[in-house]
Amino acid sequence: ATIRPGVTVLEPSAGEGALALAARRLGGEVCCIEQDPHCINALLKLGFPVTGADFLNVPAKAVMDRVLMNPPFTKGQDVAHVMHAVQFVKPGGRLVGIMSAGVKTNRAAERFRDVVIEEMGGDFEDLPEDAFLESGTGVRTVLLVVDVP
């Protein structure tokens, strides 16, 4: 994600802030969006500014240098989250997201792939099969990188 000091970073649907913490260690100026009260409290204790809301209902403004995200995968939610999140990235910025590997082959995500790859110049990278076993999941994942022109 090429985060360095002074880069503004948004972690939408931040959970307990794993990506936010990594971005802050690199010098990023991080803010979070999260709707779960338990997670909001955890993020506040870590010192992050938090907007308490369902990310998909937050009006988008293209003001962030980076969006780092690991959205929910259930029922293709990752696609909806990425399409909304890219609207928060200012020109010259970058979105980096962990998505379900099914997004590369799922027929329902065909239009998404067309938009992300052909229109936005994004790219998917397969992540190792056991990338998130430590977190308690064996779901196959990919990393999406989109540079906003």
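Lys75 is found in the loop between strand 4 and helix 3, the helix covering residues 77–85. In this predicted model, Lys75 has a positive phi of about 55° although it is not a glycine. Most residues other than glycine have a negative phi. The side chain is open to the surroundings: at 84% relative accessibility, Lys75 counts as exposed.

A second residue with this kind of backbone angle is Ser13, whose phi is near 45°, again a positive value in a residue other than glycine. Ser13 is placed in the loop between strand 1 and helix 1. With a relative accessible area of 22%, Ser13 is partly exposed.

The loop between strand 1 (8–11) and helix 1 (18–25) also holds Gly15. Leaving aside residues up to four places away in sequence, Gly15 touches Glu34, Cys39 and Leu43. Val146 lies 131 residues from Gly15 along the chain, and the C-alpha atoms of the two are separated by 22 Å.

Cys39, one of the contacts of Gly15, leads to the cysteines. How many disulfides does a search of the whole structure find? The search finds zero. Cys32 is in no disulfide, and the nearest cysteine sulfur to its own, that of Cys31, is 6.8 Å away. A disulfide needs the two sulfur atoms within 2.5 Å, so the distance of 6.8 Å between the sulfurs of Cys32 and Cys31 rules out a bond. For Cys39 the closest cysteine sulfur is in Cys32, at 10 Å, which is too far for a bond. Cys32 counts as buried at 1% relative accessibility, and Cys39 counts as buried at 11%.

The charged side chains come next. The structure holds four salt bridges. One of them joins Lys90 and Asp65, with the closest N and O atoms 3.0 Å apart. Lys90 lies in strand 5 (residues 89–100) and Asp65 in strand 4 (residues 64–69), so this salt bridge ties together parts that are 25 residues apart in sequence. Are the two partners buried or exposed? Lys90 is partly exposed, its relative accessible area being 31%, whereas Asp65 counts as buried at 15% relative accessibility.

Another salt bridge is formed by the side chains of Asp126 and Lys104, at 2.9 Å from N to O. Asp126 lies in strand 6 (residues 123–126), and Lys104 is in the loop between strand 5 and helix 4 (110–119), so the pair ties together parts that are 22 residues apart in sequence. Asp126 counts as partly exposed at 44% relative accessibility. Lys104 is partly exposed as well, with a relative accessible area of 31%.

Arg111 and Glu119 also form a salt bridge, and their closest N and O atoms are 3.3 Å apart. Arg111 is exposed, with a relative accessible area of 51%. Glu119 counts as exposed at 54% relative accessibility. The cut-off for exposed is over 50%, so Arg111 at 51% passes it.

A charged group also meets an aromatic ring. The charged end of Arg24 sits over the ring of Phe48, 4.1 Å from the ring centre.

Aromatic rings meet one another too: the structure holds two aromatic pairs. Phe55 and Phe88 form a tilted pair, 5.3 Å centre to centre and with 35° between the planes. This pair links distant parts of the chain, since Phe55 is in the loop between strand 3 (50–52) and strand 4, Phe88 is in the loop between helix 3 and strand 5, and the two are 33 residues apart. Phe55 and Phe88 are both buried.

Phe112 and Phe124 have ring centres 6.4 Å apart and planes at 55°, so this pair is tilted. The pair links distant parts of the chain, with Phe112 in helix 4, Phe124 in strand 6 and their positions 12 residues apart in sequence. Both Phe112 and Phe124 are buried.

Strand 6 thus appears in two of these links: it holds Asp126, the salt-bridge partner of Lys104, and Phe124, the ring partner of Phe112.

Technical notes
Residues numbered from 1 in each chain as written. Predicted model: local features only at pLDDT ≥ 70, side-chain atom pairs only at ≥ 80, totals over all residues. Heavy atoms only, no water. Helix = DSSP H or I, 4+ residues; strand = E, 2+ residues; numbered from the N terminus. Buried < 20%, exposed > 50% of the residue type's maximum accessible area, 1.4 Å probe, protein only. Contact = heavy atoms within 4.5 Å. Phe/Tyr/Trp six-rings, centres within 6.5 Å; stacked < 30°, edge-to-face > 60°. Lys NZ or Arg CZ within 6 Å of the ring centre and 35° of its normal.
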